[in-house]
Amino acid sequence: QSAAIKISHQFPGGTATEGDFRDRLCRQFAAEVEKRTKGGLKFEIYPGSSLMKTNAQFSSMRKGALDMSLVPLSYAGGEMPEVNIGLMPGLVTSYEQGYGWKNAEVGRELNRLLLEKGIVVVSWIWQAGGVASRTIPIVEPEDAKGLKIRGGSREMDLILKAAGAAVVSLPSNEIYAAMQTGAMDAALTSSTSLISFRLEEVSKSLTTGRGKAYWFMFEPLMMSKAVFDKLTKEQQAIIMAVGGEMEALARKSAQMDDSLVAAVYQKAGAKVVDLSDATVKKWQAIARTTAWKDYAERNANCANLLKLAEKTL
Amino acid sequence: MSELTMGLMYGAATLVVMFSGMPIAFALGVVAVSFMYFFMPSSSLDTVTQNVYEEMASITLLSIPLFILKGAAIGKSPAGKDLYSAIHTWMHKVPGGLGIANVFACALFAAMAGSSPATCSAIGSAGIPEMRRRGYSPGFAAGIIAAGGTLGILLPPSITMILYAVAAEQSLGRLFLAGIGPGVLLVGLFSGYAVYRARKEYRMAHAAFLNDGTTSAYLEVEHFTLAQKVEMLPRVLPFIVLLLGVMIALYGGYATPSETAGLGALLALVLIAIVYGIWKPRDLTPILSSTIKESSMLLLIIGMSLLYSYVMSYLHISQSAAQWVVAMALSKWVLLAVILLMVVVFGFFLPPVSIILMTAPIILPPLKAAGFDLIWFGVVMTVVMEMGLIHPPVGLNIFVIKNIAPDIPLKDVIWGVMPFVGLMFVAVILLCIFPGIATSLPEMLMGAK
Amino acid sequence: MSHGFDIGPAKGPAVPDNPVVAKLSRALDAFNHGLLMFSMAALILTALVLTYSVVSRYFFKLPTDWQDEASVFMLVGVTFFCCAYVQSLRGHIGIEALAPLLSPRVNAARMMFVDVLSLLFCLFFSWKSWTLFHEAFVEGQTTSSTFAPPLWIPYGMMAFGMSLLVLQIAMQVLVRVTNDRSAP
Ligand code: NA
Ligand code: NA
């Protein structure tokens with residue numbers, strides 16, 4: 001029986017200085033909090049879903065069965081439709097804008113809704129993504145027409161469908177094989193995953209998230225409110241402070257991965273393309289009438305969140 | 001309480017409950033839930049069912065019933081017997097040809113079914129009586145079928161490989177391809193041994209005849225006319241269609257692995273409907289009910305094993321065990337040997353499905369750290385688990401043989417399978433020296449990893 | 001030890017000695033049989049759905065995004081709807097290695113212990129499944145995919161199947177208790 005705070009995530013495990021930045025962030029967070037609480041709080045990191053299934057994390061935190069998790073928030077979209085805003089195509093188009101949410105109305109409202117569900121957001125982490133393709137680069141919406149693409153979320157699937165793509169669904173460990181055999185032509189995911197899935201070996205082109213992107217994902221470090229409330233005021237303050245400090249690391253690392261993915265694909269001989277402002281606007285226009293509309297119609301909270309988020313555009 | 005004490009208690013509790021004879025699924029659940037109750041926050045008990053559901057709600061895992069259905073459609077229709085007869089007709093002239101025919105029939109069937117007992121019973125029910133009629137010693141006949149049946153989990157599709165691919169986060173398509181080379185190697189080794197043993201038994205029968213006139217079926221000459229041989233050919237055709245259809249769908253980029261499972265099952269049902277006229281609900285009932293019986297049993301074990309490994313992970317038992325293994329700083333190959341030995345010991349009592357589910361969280365991290373290719377290891381582990389299927393005390397395939405041929409004494413069966421356990425061991429050694437046996441096919445077809 | 005792949009025709013459970021228990025047991029068997037038939041159809045339907053998604057994507061260029069989840073739901077249903085049927089045949093495998101070493105009396109006690117403990121576990125599991133079902137139903141939870149079907153469907157099937165399993169094991173315990181012990 002260990003009193004350590006357990007942090008679970010689905011990303012590859014490493015050390016505090018090497019490996020996937022999301023794992024590094026958890027480890028550095030743990031070390032810093034441990035130091036500042038003088039060992040009052042101890043942590044155990046469970047990388048690679050080694051504690052529980054990815055989809056069970058959010059719900060377990062709500063019930064107090066899991067202490068902390070770093071997970072793409074939109075994964076909980078089935079349980080809490082409001083959180084789909086964390087992977088809404090074209091709603092966030094730059095890191096500046098994404099990180100601005102924390103202190104904007106939209107961030108405060110999202111925070112409130114999550115608290116209501118028993119979740120405390122500790123670190124606000126945003127990450128850009130791109131498209132790996134085994135054929136032409138998918139830049140303009142027209143490029144997607146007729147291709148078999150894995151969007152990876154309901155909202156991405158909606159804009160891909162509207163662009164005329166054939167949306168395919170398959171588990172993430174099959175992405176590589178499906179790209180290899182041609183069961184799938186292209187996949188949208190974060191820059192970090194584009195690297196860790198080694199898709200450059202089976203891709204001919206890459207659309208990056210460097211600079212501008214319509215694929216931005218919110219994957220915060222979160223804590224169960226039930227667990228948070230049991231801590232002393234001082235410990236709570238340290239956790240929130242360290243969490244906030246980690247955001248700089250997250251932002252820098254995510255942007256490094258955006259550039260690194262381009263270098264990796266270039267080296268593998270793939271054609272690497274960046275998105276222009278005008279292209280992002282085109283995808284945004286599609287999203288507005290499909291994914292955004294679909295989201296706003298879920299409930300009043302969703303509509304309100306979307307309205308507040310649009311203010312940050 | 002230290003993690004070591006906790007781990008020992010967990011292991012002891014598991015042993016006691018398992019050996020009480022409680023169904024594996026419930027035993028895993030009981031051990032996990034009691035440890036949750038005593039050593040974990042009470043809120044963990046509220047997440048039990050959702051965790052089990054999340055484990056099961058994976059389309060990769062749920063393709064298992066469909067792979068079983070495909071095997072049952074062939075195995076429970078005359079298709080299995082026809083496949084066997086056709087191969088026999090063509091191979092009987094080769095010395096030891098009947099033995100080879102049985103190995104080949106097992107391999108072909110294995111390439112369509114996902115599990116070993118299915119392969120064993122489908123080919124064995126025709127093969128064992130035929131081999132014994134032709135004078136093969138009962139132990140030898142039983143050994144060939146028991147060993148040939150184990151190919152069911154090595155040649156794709158394979159239920160254990162599905163579980164391994166999910167646990168190790170490897171591509172199922174790649175893992176399936178990696179099983180083919182070693183499968184062919186084992187077919188070669190088994191066939192070679194079958195020829196050697198059949199000739200030895202033939203010589204003994206011949207000597208006995210010269211000595212005191214004892215006759216043996218070994219000495220009779222069987223003959224098939226060319227017309228008979230040609231007539232048997234079309235019976236193999238459905239298998240070729242099924243095999244190629246599924247392979248093309250998967251590796252030609254037409255279907256995902258789970259879609260391939262559905263496609264294969266449907267294709268098998270359509271083939272037995274066309275070729276054998278099996279389509280009426282009454283005819284399909286035995287096929288479907290045996291499929292459901294096996295699937296429900298397996299999936300319940302899979303679901304409950306999540307709870308078991310969740311508790312092991314939460315109490316830091318698997319991590320400590322893995323760290324402990326790493327800290328021993330064993331050389332790469334000693335580490336492998338220790339881990340495989342553990343799999344062998346588990347194989348004394350547990351079916352492959354449970355072995356993978358219970359050991360993966362502990363053995364995969366050290367292996368990964370030691371730099372082993374996890375696709376290659378998946379294949380090696382599968383061959384080692386094949387040994388567990390036929391070695392006593394609990395060898396699933398031995399029980400199947402006892403059902404098909406109850407009059408063969410258990411002692412004969414066990415002595416009959418032992419040489420094959422040895423051959424599998426040889427295959428493991430060869431795989432370690434020449435990893436390309438497993439890895440070259442996926443690299444050739446799917447690119448370097 | 002059962003190996004999960006029956007060779008002969010499936011043998012039904014033995015008829016209990018007590019007439020009332022026998023009647024109840026027959027009713028439960030009939031119900032399980034009905035669910036088995038239903039699950040057989042679902043199994044074939046799943047194979048059809050997955051094949052259809054390949055065919056429609058390649059020949060009609062119409063991709064489906066619901067086939068995986070529809071299949072998952074159906075197969076989860078099959079698994080849980082039939083676990084009581086499998087239990088009625090004692091088809092959930094366990095390690096019976098000790099059975100031949102023990103005396104008949106000790107074995108009888110052992111099997112009783114196994115059944116009662118299994119019953120308690122399944123009772124706990126079905127209780128927690130119903131709470132999960134209730135939570136998903138009230139909160140309107142869905143899966144997080146594009147298709148987004150409600151989660152109370154699979155949770156409900158799980159809860160129902162596990163409850164039926166509880167009934168089945170309880171029945172088997174009842175049969176053990178009421179059976180004529182002097183009979184061979
Ligand atoms: Na197989
Ligand atoms: Na064994």
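Start where two chains meet: helix H2 of chain B (residues 24-39) and helix H4 of chain C (residues 104-139) have axes that come within 10 Å and cross at roughly 70 degrees. Keep in mind that you're looking at a predicted model. To describe a pair of packed helices, you give the angle between their axes and the distance between those axes. Angles of 65 to 115 degrees count as roughly perpendicular, so H2(B) and H4(C) fall into that group. The crossing also has a hand: H2(B) passes H4(C) in a left-handed way.

Now follow H4 into the rest of its chain. Chain C has five helices and zero strands, so its pattern along the sequence reads α-α-α-α-α. Of its 184 residues, 51% count as buried.

Hop back to chain B for another pair. Here the axes of helix H6 (residues 97-110) and helix H8 (residues 138-150) come within 8 Å and cross at roughly 25 degrees. That makes H6(B) roughly parallel to H8(B), because the cut-off for that label is an angle under 35 degrees. This time the crossing is right-handed.

Finally, look at the surface of chain B. Leu237(B), Ile240(B), Val241(B), Leu244(B), Ile248(B) and Tyr254(B) make a nonpolar surface patch of about 540 Å². Where does Tyr254(B) lie? You'll find Tyr254(B) in the loop between helix H11 (226-251) and helix H12 (257-276) of chain B. Its relative accessibility is 38%, so Tyr254(B) counts as partly exposed: that label covers the range between under 20%, which is buried, and over 50%, which is exposed.

Technical notes. Residues are numbered from 1 along each chain as its sequence is written. Chains are lettered from A and ligands numbered from 1 in the order in which they are written. This is a predicted model: local features need pLDDT of at least 70, side-chain atom pairs count only at pLDDT 80 or more; totals for chains, interfaces and linings use all residues. Side-chain values use heavy atoms; hydrogens and water are left out. Patches are made of residues with over 30% relative accessible area and no salt bridge: like charges are joined within 9 Å, nonpolar side chains (Val, Leu, Ile, Met, Phe, Trp, Tyr) within 5 Å. Accessible areas come from the Shrake-Rupley method with a 1.4 Å probe; for residues, only the protein chains shown count as cover. A salt bridge is a side-chain nitrogen of Lys or Arg within 4 Å of a carboxyl oxygen of Asp or Glu. Helices (H or I, at least four residues) and strands (E, at least two) are DSSP runs, numbered from the N terminus. Buried means under 20% relative accessible area, exposed over 50%, partly exposed in between (1.4 Å probe, protein chains only). Axes are lines fitted to C-alpha atoms, for helices over the stretch in contact, and angles run from 0 to 180 degrees between N-to-C directions. Angles under 35 degrees count as roughly parallel, over 145 as roughly antiparallel, 65 to 115 as roughly perpendicular and the rest as oblique. A crossing is left-handed if the near helix is turned anticlockwise from the far one by less than a right angle, and right-handed if clockwise.
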